[in-house]
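Work through the exercises below with the sequence and the structure open. Each task is followed by a solution in steps.

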Amino acid sequence: MSETFTIKIDGRECVALQGETVLQVARREGIQIPTLCDDKRLDPAGACRACLVEIDGQRRLQPSCAWKAADGQNVKTHQSSPRVQRHQDVLVSLYMSDHKLDEQGLPVETPNGNDLRAWAKDCSTLKLDPVNAPRVARPGDKNPYIHFDPELCVLCARCTRYCDEVEAVNAITLTNRGSETTIGTAGMRGLLDTSCELCGGCVDTCPTGALIEKKSPKTLPEQVTKVRTTCNYCGVGCQMDLNVAKVDGQERVVRVTSPEPGTTVNDGNLCVKGRFAYDFIHHKDRITEPMIRKADGKLHVVSWDEAIKFAAEGLKRAAQRHGPESVGFISSARCTGEENFLMGKLARAVFKTGNVHSCAAT
Ligand code: SF4
Ligand code: SF4
Ligand code: FES
């Protein structure tokens, strides 16, 4: 069987690979199809119905996120199918009828963004009467990091599927029935009393901001600049984006997010430390400049050149006076592999000692 074949989307010939879904082909071709429950890291659920398309030979509209592309298939999205556009207009309006709206009548913006808001802007929404959906949050959830607002939840189940399929933790689940369906835990306990690892992946995947970080409840996506860096909590090398925004006139890290799934080694995921433990960056006790204790017994701020020279001379003096075994070097798993390699070189090649260790080995 050939590995590639062609399908038509909105009249355009598109190359597809065996096993790809219609949505994957469309995205590669730059054809926009709205989605809410789709996440590259998760198995398709076909739950939100945002991505329905018309496929020749199919009586019903089909979810492009779950429908496999097949040779010669003819697909129409909302761009070329009035039926799909009508479906989207009605569906967005239904979602909005029990969603928190702003003064323009659009789904509210959140620090995580809100895909429903972005999608609603492209639709001719109907003015439906608001629906009372008595979804509940978890009362008294004292966890320090994750806030759940049931009024913004579209029940796409991305958070629960992430917790199950990626984290294999199953701390959260869809619970209750009908309009009372919500995101719950066993016995509706707070996350600290469940198997939750506070990885924050559920926050990351939530498309509407129903799950947000408690630490940065207000900073909207357009107010932050992302600075890519490598996490230094362990040696895996996860890539992370420091979200920097002006707070009280000063640039501050207000959030840490992962780059897009599929682009870096951590595939869109972070652990509790990488995602949430960034308060030290702006802590008043943090030492940010090199210091030397001088003859007066006090620490004095010096330049890096001066500090490095001072340390090198002290080490050399000790090695000359007492032999190479009198000095030792301790490196850290928070350093990169290259930095640890250089520490080994410094010990063995320069000071001729095997006294080199890593804090991670203890
Ligand atoms: S923080 Fe991680 S472990 Fe906890 S509920 Fe969310 S996805 Fe599951
Ligand atoms: S909390 Fe977010 S990710 Fe979870 S079901 Fe609701 S909208 Fe989807
Ligand atoms: S993205 Fe396809 S059904 Fe939700």
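**Exercise 1. The hairpin at the start of the chain**

Task: Find the turn between S1 and S2 and state which residue in the turn has a positive phi.

Solution.
- S1 and S2 make a hairpin, with two residues between the strands. Asp 10, in the turn, has a positive phi of about 50°.
- The model is a predicted one.
- S1 covers residues 4-9 and pairs with S2 in the antiparallel sense over six bridges.
- To check the register, take Phe 5: its bridge partner in S2 is Ala 16.

**Exercise 2. Placing the hairpin in its sheet**

Task: Give the strand order of the open sheet with five strands, and say which strands are at the edges.

Solution.
- The order is S2-S1-S5-S3-S4, and the pairing is mixed.
- S2 (12-17) and S4 (62-63) are the edge strands, each pairing on one side only.
- The parallel sense is found between S1 and S5, which pair over two bridges. Ile 9 has Val 75 as its bridge partner in S5.
- An antiparallel pairing is found between S3 (residues 52-55) and S5 (residues 74-76), which two bridges join. Here Glu 54 has Lys 76 in S5 as its bridge partner.

**Exercise 3. A sheet of three strands**

Task: Work out which strands of the open sheet S10-S11-S12 have a side without a neighbour, and why.

Solution.
- The three strands are arranged in the order S10-S11-S12, with antiparallel pairing.
- S10 (225-230) and S12 (250-257) each have a single partner strand, so one side of each has no neighbour in the sheet.
- From one strand to the next, the twist averages 35°.
- S10 and S11 are joined in the antiparallel sense by six bridges. Thr 229 is opposite Met 240 in S11, and the bridge partner of Arg 228 in S11 is Asp 241.
- S11 (residues 239-247) pairs with S12 over seven bridges, again in the antiparallel sense. Asp 241 has Thr 257 as its bridge partner in S12, so Asp 241 can be followed from one side of S11 to the other using the two.
- At the turn, S11 and S12 form a hairpin with two residues between them, and Asp 248 has a positive phi of about 50°. The bridge partner of Val 247 in S12 is Gln 250.
- For burial, the number of buried residues among the six of S10 is zero, so S10 lies largely in the open.

**Exercise 4. Two helices checked by length and burial**

Task: For H2 and H7, test the end-to-end span against 1.5 Å a residue, then ask how many residues of H7 are buried.

Solution.
- H2 (residues 82-97) has 16 residues and should span 22 Å; its end C-alpha atoms are 23 Å apart, which agrees.
- The buried residues of H2 are Val 84, Gln 88, Val 92, Tyr 95 and Met 96. Viewed down the axis of H2, they fall within an arc of 100°, so they line one face of the helix.
- The spacing fits a general rule: an α-helix has 3.6 residues a turn, so residues three or four places apart point the same way.
- H7 (residues 304-322) has 19 residues and should span 27 Å; its end C-alpha atoms are 27 Å apart, which agrees.
- The count of buried residues in H7 is zero, and the helix is hardly covered.
- Just after H7, Gly 323 has a positive phi of about 95°.

**Exercise 5. The surroundings of the two ligands**

Task: List the closest residues around ligand 1 and ligand 2, and divide each shell by class.

Solution.
- Ligand 1 is surrounded by 15 residues, the closest being Cys 163, Ala 171, Cys 196, Cys 199 and Cys 202.
- H4 (158-165) and H5 (201-205) each supply at least two residues of this shell.
- By class, the shell around ligand 1 has eleven nonpolar, two polar and two charged residues.
- Ligand 2 has 14 residues around it, and Cys 153, Cys 156, Cys 159, Cys 206 and Ala 210 come nearest.
- The shell around ligand 2 divides into eleven nonpolar, two polar and one charged.

**Exercise 6. A loop residue**

Task: Locate Glu 109 and decide whether Glu 109 is buried, exposed or partly exposed.

Solution.
- Glu 109 is in the loop between H2 and H3 (115-121).
- A residue is buried at 20 or more other C-beta atoms within 10 Å and exposed at 12 or fewer. Glu 109 has 15, and is therefore partly exposed.
- Gly 209 is 100 residues away along the chain, yet the C-alpha atoms of Glu 109 and Gly 209 are separated by 7.9 Å.

Technical notes: Residues are numbered from 1 along each chain as its sequence is written. Chains are lettered from A and ligands numbered from 1 in the order in which they are written. This is a predicted model: local features need pLDDT of at least 70, side-chain atom pairs count only at pLDDT 80 or more; totals for chains, interfaces and linings use all residues. Two strands pair if DSSP finds at least two bridges between them. Helices (H or I, at least four residues) and strands (E, at least two) are DSSP runs, numbered from the N terminus. Axes are lines fitted to C-alpha atoms, for helices over the stretch in contact, and angles run from 0 to 180 degrees between N-to-C directions. A residue is near a molecule or strand if its C-beta atom, placed from the backbone, lies within 6 Å of it. Ala, Val, Leu, Ile, Met, Phe, Trp, Tyr, Cys and Pro count as nonpolar, Asp, Glu, Lys and Arg as charged, and the others, Gly among them, as polar. The expected span of a helix is 1.5 Å times one less than its number of residues. The arc is that of the directions from the helix axis to the C-beta atoms.
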